[in-house]
Amino acid sequence: YTFWQNTVYDFSTNGVAASALTIQDAMNSLYLSTARNRDVVDLIVADNTYFGYYWKSLQAIQRIMDEKMASAGFSTLKFMNADVVYDGGFQGTAPSAHMYFLNTDYVKLRPHRDRNMVPLNPDRFSTNQDAMVKLFGWAGNMTISNRSLQGVMVA
C-alpha cells in the first residue's frame with residue numbers, strides 16, 4: 001500500500017550529488033515530508049558519509065561560547081528537535097550512504113508474553129568450577145505502527 005510506505009529522498013532521483021553543500025536541503029525536504037502537524041521525526045541515524053556531510057555543513061557556522069564544552073567535543077548533533085547520531089565508525093552497521101529519519105513514537109519493542117527474560121531450565125553447572133550458569137530466554141519483535149512518518153535518505 002502506497003499510503004503506508006516510508007518517505008524516500010534519493011539524491012540520484014533528484015539530480016543532486018550528495019555533499020556537505022547539499023545535505024541540509026535534502027534533510028529539510030525529508031523532514032518536512034515526514035512531518036504531520038507537531039508529530040515529527042525525533043531521531044536521525046546516519047552512516048559515516050552522511051553524518052560527515054552534515055557535520056561539515058555546520059562547521060562554517062560553528063560558534064564556541066564555552067572553552068570547556070569545546071574541548072569535550074560533541075557526540076551528537078541536532079537537526080530541528082531531532083538528535084542526529086552516527087551508526088558508523090570502525091565496523092559501523094549502518095548501510096553506506098544512508099540516513100534514517102525516525103519518529104520513535106511509532107517504533108515499539110514488543111516482547112513475547114511467554115518469553116520476556118524467562119529463566120530456562122535446567123541450570124547449567126560447570127564441571128571444573130564451583131559455579132552455575134542461568135540461561136534466560138527472550139523473543140519479540142521491533143514493530144512500526146506508522147511507516148508513513150518515517151524516512152530514509154539514500155544516494
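Biologist: Which residue in strand 4 does Leu 77 stand opposite?

Modeller: This is a predicted model, in which local features need pLDDT of at least 70 and side-chain atom pairs count only at pLDDT 80 or more, while totals for chains, interfaces and linings use all residues. Residues are numbered from 1 along each chain as its sequence is written, and side-chain values use heavy atoms, with hydrogens and water left out. Strands are DSSP runs of E with at least two residues, helices are runs of H or I with at least four, and both are numbered from the N terminus. In strand 4, the residue opposite Leu 77 is Val 84.

Biologist: How many bridges join strand 3 to strand 4?

Modeller: Strand 4 covers residues 82-86, and strands 3 and 4 run antiparallel. Two strands pair if DSSP finds at least two bridges between them. The number of bridges that join strand 3 to strand 4 is 3.

Biologist: Which strands stand at the edges of the sheet?

Modeller: The open sheet is formed by 6 strands in the order 1-8-5-2-4-3, with mixed pairing. Each edge strand has a single partner strand, so one side of it is left without a neighbour in the sheet. The two edge strands are strand 1 (7-10) and strand 3 (77-79).

Biologist: By how many degrees are neighbouring strands of this sheet turned against each other on average?

Modeller: Axes are lines fitted to C-alpha atoms, for helices over the stretch in contact, and angles between N-to-C directions run from 0 to 180 degrees. For the turn between neighbouring strands, direction is ignored. The average is 20 degrees.

Biologist: What angle does the direction of helix 1 make with that of strand 8?

Modeller: Helix 1 (residues 23-33) packs on the sheet and touches strands including strand 2 (43-46), strand 5 (98-102) and strand 8 (151-154). Contact means heavy atoms within 4.5 Å. The angle between helix 1 and strand 8 is about 155 degrees.

Biologist: What angle does the direction of helix 2 make with that of strand 3?

Modeller: Helix 2 (residues 48-59) also packs on the sheet, where it touches strand 2, strand 3, strand 4, strand 5 and strand 8. Its direction and that of strand 3 make an angle of about 85 degrees.

Biologist: Which residues have the most contacts inside the largest nonpolar core?

Modeller: A nonpolar core is a set of buried Ala, Val, Leu, Ile, Met, Phe, Trp, Tyr and Cys residues joined through side-chain atoms within 4.5 Å. Buried means under 20% relative accessible area, exposed over 50%, and partly exposed in between (1.4 Å probe, protein chains only). The largest core has 22 residues, and those with the most contacts inside it are Met 27, Ile 44, Phe 101 and Met 153.

Biologist: Which element gives the most to this core?

Modeller: Two or more residues come from each of helix 1, strand 2, helix 2, strand 3, strand 4 and strand 5. With 5 residues, the element that gives the most is helix 1.

Biologist: What kind of pair do the rings of Tyr 9 and Phe 11 form?

Modeller: Rings of Phe, Tyr and Trp (its six-membered ring) pair if their centres lie within 6.5 Å; planes under 30 degrees apart count as stacked, over 60 as edge-to-face and the rest as tilted. This rule gives 8 aromatic pairs. The centres of Tyr 9 and Phe 11 are 5.3 Å apart and their planes stand at 80 degrees, so the pair is edge-to-face.

Biologist: How many residues apart are Tyr 54 and Phe 79?

Modeller: Their ring centres are 6.0 Å apart and the planes stand at 75 degrees, so this pair is edge-to-face. Tyr 54 lies in helix 2 and Phe 79 in strand 3, and the pair links distant parts of the chain. Tyr 54 is buried at 3% relative accessible area, and Phe 79 is buried at 6%. Their separation along the chain is 25 residues.

Biologist: Is Ile 144 buried, partly exposed or exposed?

Modeller: Ile 144 is in strand 7 (residues 132-144). Leaving aside neighbours within four places in sequence, its contacts are Trp 4, Tyr 106, Val 107 and Gln 150. Its relative accessible area is 37%, so Ile 144 is partly exposed.

Biologist: What is the radius of gyration of the protein?

Modeller: The protein has 3 helices and 8 strands. The radius is taken over C-alpha atoms, and the globule rule is 2.2 Å times the number of residues to the power 0.38. For 155 residues that rule gives 15 Å; the protein is well over this, so it is more spread out than a compact globule, with a radius of gyration of 21 Å.
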